[in-house]
Amino acid sequence: MPVSASDEQHGTRNKVARSILDHGPSTAAELALRLELTQAAVRRHLDTLVADGVVEPREKRVYGARGRGRPAKVFALTDCGRDAFDQAYDTLAVDALRWIEQSAGGGEAGRAAVAAFARARLAAQAEVYRGAVEAADPSGRTQALAGALSADGYAATARSAPVGEQLCQHHCPVAHAAERYPQLCEAETEVFSQLLGTHVQRLATIAHGDGVCTTFIPKTDRTDSAAQADPRTTKTTTASASTAGRNPE
């Protein structure tokens, strides 16, 4: 059966949305380049996706000095758009975490129980990632971690940044659960610090409305013998539970 023009258009729109999921908030020019489409065609699909509530336009965040002229417009997935991708089990995750919290008595004890669960869950994942990270050269460990995270569905990338690197996760399978329980983000940040053998800082999270989960990894010569001997003792810089994932002012 031949593919109708409508089906073809729908398929291309899905590719546009998927590209934003995999690469984070993107300009029309970036999408056109990645998908080998004209910018005019991409903008037509973006208009439809915006009207459907799948993506939303935002001002492009600029790191460092801003040049002249208006900042470029980027398009990011909305919560509705993310829900279209494998997050159906997120409600189950929230229910399970709520049960853990309530079973521990709620309050501080409940939050501690959720944090303990988050650390145990991430510890198991960390063992899978550790092999990839330790097999890489020191200069490529962040990239190796990004590859391991991508294999788990986090669509992660690593890029250079002033005085360090940024680990970006363009998708979070448990974003809604992390919005309710920031202990998930905090435990993940601790694991990144342990794996990379240096302190790290979480700059933004999807759970708190940012387009990408962003973690800053400072440059290090890895000469700290204590950290080399046991990276699990390395200090981790995280935000408090009430502000985790927010961009610094």
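Trainee: What describes the packing of helix H6 (residues 107–135) and H9 in this predicted model?

Mentor: Two packed helices are described by the angle between their axes and the distance between those axes. For H6 and H9, the axes come within 8 Å and cross at roughly 35 degrees. The crossing of these two helices is right-handed.

Trainee: Which residues of H6 and H9 make the contact?

Mentor: On the H6 side, Arg111, Val114, Ala115, Ala118, Arg119, Leu122, Ala126, Tyr129, Arg130 and Val133 take part. H9 brings Gln183, Leu184, Ala187, Glu188, Glu190, Val191, Leu195 and Leu196. Sorted by class, that contact has twelve nonpolar, one polar and five charged residues.

Trainee: Now H7 and H9. Why are those two called oblique to each other?

Mentor: Take the angle: the axes of H7 (residues 141–151) and H9 (residues 183–196) cross at roughly 135 degrees. Antiparallel would need over 145, and perpendicular stops at 115. The value falls in neither range, so H7 and H9 are oblique. Their axes come within 10 Å, and H7 passes H9 in a right-handed crossing.

Trainee: How do you know that H7 and H9 meet, and through which residues?

Mentor: A contact needs heavy atoms within 4.5 Å. Arg141, Thr142, Leu145 and Leu149 of H7 meet Phe192, Leu195 and Leu196 of H9. By class, you get five nonpolar, one polar and one charged residues there.

Trainee: And how do H6 and H7 pack?

Mentor: Their axes are 8 Å apart, at an angle of about 145 degrees, and H6 passes H7 in a right-handed crossing. Tyr129, Ala132 and Val133 of H6 touch Arg141, Ala144, Leu145, Ala148 and Leu149 of H7. That contact counts seven nonpolar, no polar and one charged residues.

Trainee: On to the sheet. What makes E3 and E5 the edge strands?

Mentor: The sheet is open, with four strands in the order E3-E4-E6-E5 and antiparallel pairing. Strand E3 (156–161) and strand E5 (201–204) each pair on one side only. From one strand to the next, the twist averages 25 degrees.

Trainee: How do you know that E5 and E6 pair?

Mentor: Pairing takes at least two bridges. E5 and E6 have three bridges, in the antiparallel sense, so the pair passes that cut-off. Glutamine 201, for instance, has phenylalanine 216 in E6 as its bridge partner.

Trainee: Which strands do the helices H7 and H9 touch?

Mentor: H7 lies across E3, strand E4 (164–169) and E6. Its direction runs at about 160 degrees to E3, which is over 145, so H7 and E3 are roughly antiparallel. H9 packs on the sheet against E4, E5 and E6, and makes about 130 degrees with the direction of E5.

Trainee: Where in the protein chain is the confidence lowest, and where is it highest?

Mentor: The low end is helix H10 (residues 225–229), with a mean pLDDT of 40, while strand E6 (residues 213–218) is at the top with 95. Over residues 222–249 the pLDDT is below 50, yet this stretch has 58 contacts in the model beyond near neighbours in sequence. Where pLDDT is low, the predicted coordinates should not be read in detail. The chain as a whole averages 81, and 78% of its residues score at least 70.

Conventions. Residues are numbered from 1 along each chain as its sequence is written. This is a predicted model: local features need pLDDT of at least 70, side-chain atom pairs count only at pLDDT 80 or more; totals for chains, interfaces and linings use all residues. Side-chain values use heavy atoms; hydrogens and water are left out. Axes are lines fitted to C-alpha atoms, for helices over the stretch in contact, and angles run from 0 to 180 degrees between N-to-C directions. Angles under 35 degrees count as roughly parallel, over 145 as roughly antiparallel, 65 to 115 as roughly perpendicular and the rest as oblique. A crossing is left-handed if the near helix is turned anticlockwise from the far one by less than a right angle, and right-handed if clockwise. Ala, Val, Leu, Ile, Met, Phe, Trp, Tyr, Cys and Pro count as nonpolar, Asp, Glu, Lys and Arg as charged, and the others, Gly among them, as polar. pLDDT is the predictor's confidence in each residue, from 0 to 100.
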